[in-house]
Amino acid sequence: MKIQSCVQLCQLVLLFVSSSMLLLVIPMANADSDDLPTPVAGLSYGFYEKSCHKAENTVKHIMKDFLESNVSQAAGVIRLFFHDCFVQGCDGSVLINDTQGEQPSIPNQTLRASALDVIEQIKAKLESMCPNTVSCADVLALAAREAIRQAGGPRFEIPTGRRDSLNFSNSTIVLQNLPAPFFNLSQLLSSFNSKGLNTTDLVTLSGAHTVGLAHCSSFSNRLRPTVDPRFNKKFANSLIQSCPNSSINVATGMDILTPNKFDNKYFRDLVNGMVLFDSDASLLNDSQTQAIVQDFADDNNVFRSNFTISFIKMSMIQVLTGNKGNIRKVCSVLNSNSSSTATTIDSYIPAEFDAPLSYASI
Ligand code: HEM
């Protein structure tokens with residue numbers, strides 16, 4: 001009898017323990033709270049908690065004001081961060097305003113001035129609250145994270161502790177490091193792999209094209225002289241109307257279904273032949289990437305949790321931490337004791353960079 005009640009008691013305890021474990025496990029399956037990548041050395045989650053504990057909240061509020069009247073501005077900040085990270089790492093080098101710097105290069109000419117302005121505005125506020133503490137590289141990372149969330153994308157923590165570069169790259173180095181819209185899959189993979197990102201990261205991060213605009217010059221090579229057969233015919237015809245030439249002055253939304261919402265609809269567009277760039281369309285050219293595209297097109301939660309992970313990985317590319325780099329006072333200007341010349345670092349040049357098309361020719 002005693003043994004039986006002990007068995008029953010043990011069963012009850014087991015039932016209790018396993019159901020509480022279940023309770024612990026269920027939230028982990030939530031798209032937005034999957035295990036986050038381990039920060040690289042020198043970065044941590046909540047890095048400014050002690051040194052400037054209102055830093056993240058300040059970024060959040062300024063971004064809220066910025067996006068409240070026009071959420072489509074989120075796209076500009078997200079792209080700015082990508083262009084920072086792929087050129088000498090997430091070090092704020094893209095923010096430097098210099099005729100010899102990164103901004104004049106062709107892909108950066110379509111970065112939004114409003115995105116650069118809001119970063120400067122956040123930095124000025126943080127500098128008045130906690131002088132010489134929060135880097136421009138972190139301001140940009142946190143602002144991009146907010147832009148994603150406030151446009152309806154996933155909510156997640158992002159490691160901080162990045163420091164700012166003492167130098168910047170020039171136009172040639174920018175072109176060698178940013179993937180171009182006319183890249184094929186192997187060129188894209190080579191570019192992403194060189195930054196420590198894999199095939200899944202490539203497909204996932206391309207999903208950022210669920211928001212924002214592209215100028216005709218970025219995809220007119222798929223319309224003329226012949227129409228790329230991967231286009232949906234009606235969609236291609238409407239693009240031919242709206243893009244009468246390869247002008248850089250005319251732009252069109254990248255996600256025809258939900259242009260201002262950070263969701264998985266870009267992947268629906270992709271399977272329907274309604275994406276703009278070769279680089280987007282090429283994600284269907286191989287069975288591995290095609291399967292990932294289909295998974296994301298089918299389930300927004302799967303896209304959200306993957307995006308969180310790939311975005312955090314991107315945010316840690318070649319970061320400067322510890323006693324490397326510095327904390328800039330103004331994001332667009334190197335501190336007066338920094339070197340002011342364009343860097344000549346040995347940057348990675350993808351083997352296939354000799355693409356038939358060049359940015360200059362589209
Ligand atoms: C896979 C390689 C990629 C290529 C070839 C590429 C290329 C481009 C091009 C050509 C544009 C349009 C520029 C214009 O005509 O104005 C664009 C826009 C954009 N890209 Fe990408 N991109 C890539 C990956 C990414 C990644 C990884 C992100 C962020 C995680 C991103 C975020 C954006 C956003 C948000 C826009 C819209 C910007 C705006 O509206 O101002 N892209 N991209």
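User: What makes up the secondary structure of this chain, and what kind of model is it?

Analyst: The model is a predicted one, and its chain has 13 helices and 2 strands. A run counts as a helix from four residues and as a strand from two, and strand E1, at residues 213-215, is one of the runs that meet this rule.

User: How do you know which parts of the prediction carry low confidence?

Analyst: On a scale from 0 to 100, the mean pLDDT of the chain is 87, and 84% of its residues reach 70 or more. Among the elements, helix H5 (residues 136-150) has the highest mean, 99, whereas helix H1 (residues 2-28) has the lowest, 38. Over residues 1-33 the pLDDT is below 50, and beyond near neighbours in sequence this stretch has 11 contacts in the model; residues 343-362 are also below 50, with 37 such contacts. Where pLDDT is low, the predicted coordinates should not be read in detail.

User: Why is the ligand said to lie between domain 1 and domain 2?

Analyst: Domain 1 (55-179 + 315-345) and domain 2 (187-312) both give residues to the shell around the ligand, and therefore the ligand is placed between them. The shell holds 24 residues, of which Ala75, Thr110, Ala208, Gly212 and His215 are the closest. Helix H3 (74-85), helix H8 and strand E1 (213-215) each give two or more residues, with the largest share, 5 residues, coming from H3.

User: What makes the shell around the ligand nonpolar, polar or charged by class?

Analyst: Its residues divide into 14 nonpolar, 8 polar and 2 charged, where Gly is counted as polar.

User: Why are residues of helix H8 called buried, and what covers them?

Analyst: A residue is called buried because 20 or more other C-beta atoms lie within 10 Å of its own, and in H8 (residues 199-206) this holds for Asp201, Leu202, Val203, Thr204 and Ser206. Their cover includes helix H7 (185-193), helix H11 (278-281), helix H12 (287-298) and helix H13 (300-314). Across the chain, buried residues make up 42% of the 362 residues.

User: What makes the largest nonpolar core a feature of both domains?

Analyst: This core draws at least three residues from each of domain 1 and domain 2. The core has 84 residues, and those with the most contacts inside it are Val77, Ile119, Val139, Leu140 and Ala143; H5 gives the most, with 10 residues. Leaving aside neighbours within four places in sequence, Leu140 is in contact with Leu80, Phe81, Asp84, Gly92, Leu95 and Ile119, each pair having C-beta atoms within 7 Å.

Note on methods: Residues numbered from 1 in each chain as written. Predicted model: local features only at pLDDT ≥ 70, side-chain atom pairs only at ≥ 80, totals over all residues. Contact = placed C-beta atoms within 7 Å. Buried ≥ 20, exposed ≤ 12 C-beta atoms within 10 Å, placed from the backbone. Near = placed C-beta within 6 Å. Domains from an automatic or database assignment. Core = buried A, V, L, I, M, F, W, Y, C linked by C-beta atoms within 7 Å.
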